[in-house]
Amino acid sequence: MSDITCPADEQTRLLRRLMAIEQIASDAVITVDSRFDVVAFNPAASELTGWPTTEAHGRPLDQVAPLFDVHQPMPWASVLNDGRPASRRAAWLGRREGRPLDIDYSFRSLGRGAGWVVALTPQTADDASAIALRESEDRFHTLADNISQLAWMADEKGWIFWYNRRWYEYTGTTLEQMQGWGWRSVHHPDHVDRVVASLQRSWDTGEAWEETFPLRSSHGEYRWFLSRALPIRDASGAVVRWFGTNTDITERRQAEEALREADRRKDEFLAMLAHELRNPLAPIGFGLELLARQEGTDTQQLELVRDQFNQLVRLVDDLLDVSRLVRGKIDLRPTPVDLNQLARRSLAVARVQTSARDQVLSAALPDEPIWTVADAVRLSQALGNLLSNASKYSDDGARIELSLAREQDTAVITVTDEGVGIDSELLPHIFDLFTQADRSIDRSQGGLGIGLTVVKRLVELHGGRVSASSLGLAGGAVFTIELPISAPPQTPDGPPPRPTHARPHAVRALVVDDNVGATFLLSQLLAKLGDVHVETAHDGAAAVSKALHMAPDLVVCDIGLPGMDGYEVARSLRAAPGCRGAYLVALTGYGQAGDLEKAAAAGFDRHLVKPASVDDLESILAAVRPAAR
């Protein structure tokens with residue numbers, strides 16, 4: 001079945017109505033083909049003529065419903081082929097058993113060479129029934145000819161004998177050209193075999209049919225249609241006819257293709273943007289790690305900067321697929337987190353913003369830790385959004401309070417402000433995407449209205465919930481986060497020893513990156529992490545030349561290099577006798593699945609996305625085993 005969908009309620013109602021006309025009609029209705037053989041026989045016809053539906057099917061009309069005028073039989077062929085318009089006439093009907101009946105009959109052609117529908121009404125019956133049937137037939141053809149879809153009917157074996165007016169208008173064909181399997185001539189040659197095969201399966205099994213394919217118009221243009229066919233069954237359940245429709249979905253298909261193309265371009269743009277942002281983040285990260293290893297560094301200030309750096313790194317990662325957050329597809333890195341410490345760090349970050357506006361930021365925090373299992377960066381992001389919003393939507397000098405408390409097995413974090421408040425009509429939608437309380441000029445820094453949506457999704461991903469309350473406009477607001485509490489982590493007897501990797505000689509490392517600052521800082525950091533002798537290069541050709549001279553144990557190489565890219569560098573080193581055993585690491589801003597596959601195919605042992613962490617670098621050094629010289 002096609003992956004394209006369109007509303008089918010209108011079609012389905014139409015099909016059901018048309019299929020039911022014959023079966024629910026109180027008058028006898030018989031459908032015959034061009035040979036005057038019965039192809040449909042409703043229950044009323046069976047009762048009137050005395051022929052069971054199963055026995056009447058396939059028999060000549062003259063046999064199951066013979067006509068008499070005075071005492072002479074009248075062949076139906078002369079009546080139906082006399083060229084007169086459909087009309088109501090009186091005659092005698094010869095029954096299978098019992099005496100003949102006086103009847104009124106009317107008929108309508110299904111199209112030249114396609115057959116007829118004959119309606120029989122006993123003269124003793126209420127004339128309104130016959131009138132209603134004729135009106136139903138008229139409505140059927142009027143409706144079928146004026147619907148927006150192309151429509152058609154086929155016998156039980158799939159021989160199409162009728163099309164509506166819209167079909168002929170679109171295709172510019174005639175019934176003689178289209179009847180039977182002639183419709184194949186207006187199908188696209190690349191699709192017709194598939195359509196014929198699937199349609200034949202439905203003819204054989206009696207199952208409803210649905211397919212999507214292009215049809216050629218009278219102007220030679222191909223347009224896409226969604227086609228459906230439903231079986232019409234007799235009282236015994238046997239298929240006696242098929243009714244189908246074709247709905248033009250060309251514009252919808254083009255719109256969906258445009259959306260797919262826009263989505264593809266968006267992914268390409270975000271991947272490139274993430275790469276460009278990661279490049280400057282790499283030296284910042286290396287610089288922070290170098291500062292951490294220098295004496296006299298203010299630890300508290302360093303941790304604040306690290307928190308902001310880590311949050312920025314994670315937000316850049318999200319650019320690769322913005323929709324992940326909305327769909328709840330963000331990957332969490334859960335560890336035991338002390339909410340008390342997390343709240344204190346969030347306060348320290350928020351004070352930069354509140355102090356600039358003389359706002360008073362206070363806290364009501366417990367003395368003991370409250371533990372949960374969470375992604376500390378993501379949880380800090382959620383809490384930071386609430387504190388930032390409280391400051392944005394409060395006047396200068398206003399009070400903002402952050403509290404943390406334990407209520408049984410739940411940790412409750414509350415952010416309370418004296419700000420503009422939330423209108424009662426807006427409150428139920430405050431966490432919806434793109435909802436914003438005030439877009440006036442003085443609130444222009446309120447953002448796009450995604451901050452609270454981010455908070456809600458992140459909290460829910462941690463198994464918690466977030467809620468908001470307000471006394472209305474100018475009544476301030478209270479935002480509450482509830483998270484499950486976990487047991488405290490087990491504390492080891494002493495601090496874990498830093499891993500040491502004894503090596504017989506210094507590791508010879510080559511760092512390759514066209515960003516001179518990043519190359520310098522990474523070289524300095526590698527040297528701090530162990531007995532590592534580092535050399536650098538800033539383009540691919542220079543990297544290969546230097547590697548051939550120094551025979552490195554480790555090569556950390558960017559991919560986007562001028563001239564010869566990182567993949568070519570890796571292939572060249574793998575082919576050089578003195579460098580084949582080097583441990584090759586791709587350090588790049590490109591981090592999609594395809595990028596990892598390309599790196600492995602080029603000969604890299606490992607792929608790291610910028611900025612690399614100290615843990616990454618230490619694990620790489622642990623993997624390097626230089627040969628004894």
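Q: What does the cover over the buried residues of helix H17 include?
A: Bear in mind that this is a predicted model: local features need pLDDT of at least 70, side-chain atom pairs count only at pLDDT 80 or more, and totals for chains, interfaces and linings use all residues. Residues are numbered from 1 along each chain as its sequence is written, and side-chain values use heavy atoms, leaving out hydrogens and water. H17 spans residues 540-550 (helices are DSSP runs of H or I, at least four residues, strands runs of E, at least two, numbered from the N terminus). Its cover includes strand S20 (507-512), strand S21 (532-537) and helix H18 (566-575).

Q: Within what arc do the buried residues of H17 fall?
A: Look for Gly540, Ala543, Val544, Ala547 and Met550, the buried ones in H17 (buried is under 20% relative accessible area, exposed over 50%, partly exposed in between, with a 1.4 Å probe and protein chains only). Seen down the helix axis, they line one face of H17, because they fall within an arc of 145°.

Q: Which residues are exposed on the other side of H17?
A: Flip away from the side where Ala543 and Val544 are buried. There you'll find two exposed residues, Leu548 and His549.

Q: How are H17 and H18 oriented to each other?
A: Their axes come within 9 Å and cross at roughly 20°. That angle is under 35 degrees, which makes H17 and H18 roughly parallel.

Q: Which residues of H18 does H17 meet?
A: On the H17 side, the contact (heavy atoms within 4.5 Å) uses Gly540, Ala543, Val544 and Ala547. These four are also among the buried residues of H17. On the H18 side, they meet Val569, Ser572 and Leu573.

Q: How are H16 and H20 oriented to each other?
A: Helix H16 covers residues 516-529 and helix H20 covers residues 614-623. They pack with their axes 11 Å apart, at an angle of about 60°. H16 and H20 are therefore oblique.

Q: Which residues of H20 does H16 meet?
A: H16 brings four leucines to this contact: Leu522, Leu525, Leu526 and Leu529. Across from them, H20 offers Val614, Leu617, Glu618 and Leu621.

Q: What is omega for the peptide bond from Lys610 to Pro611?
A: Go to the loop between strand S24 (606-609) and H20, where Pro611 is found. The bond that leads into Pro611 from Lys610 is cis, with omega near -5°.

Q: Is Phe36 buried or exposed?
A: Find Phe36 in the loop between strand S1 (28-32) and strand S2 (38-41). Its phi is near 70°, a positive value in a residue other than glycine. With a relative accessible area of 16%, Phe36 is buried.

Q: Is Asp358 buried or exposed?
A: Asp358 isn't a glycine, yet its phi is positive, at about 60°. The loop that holds Asp358 sits between helix H13 (339-355) and strand S14 (360-364). Because its relative accessible area is 61%, Asp358 is exposed.

Q: Which residues is Thr480 in contact with, leaving aside its neighbours within four places in sequence?
A: Thr480 has its place in strand S19, residues 477-484. At 16% relative accessibility, Thr480 counts as buried. Once those sequence neighbours are set aside, its contacts are Val412, Ile413, Thr414, Arg465, Val466 and Ser467.

Methods. Axes are lines fitted to C-alpha atoms, for helices over the stretch in contact, and angles run from 0 to 180 degrees between N-to-C directions. Angles under 35 degrees count as roughly parallel, over 145 as roughly antiparallel, 65 to 115 as roughly perpendicular and the rest as oblique. The arc is that of the directions from the helix axis to the C-beta atoms.
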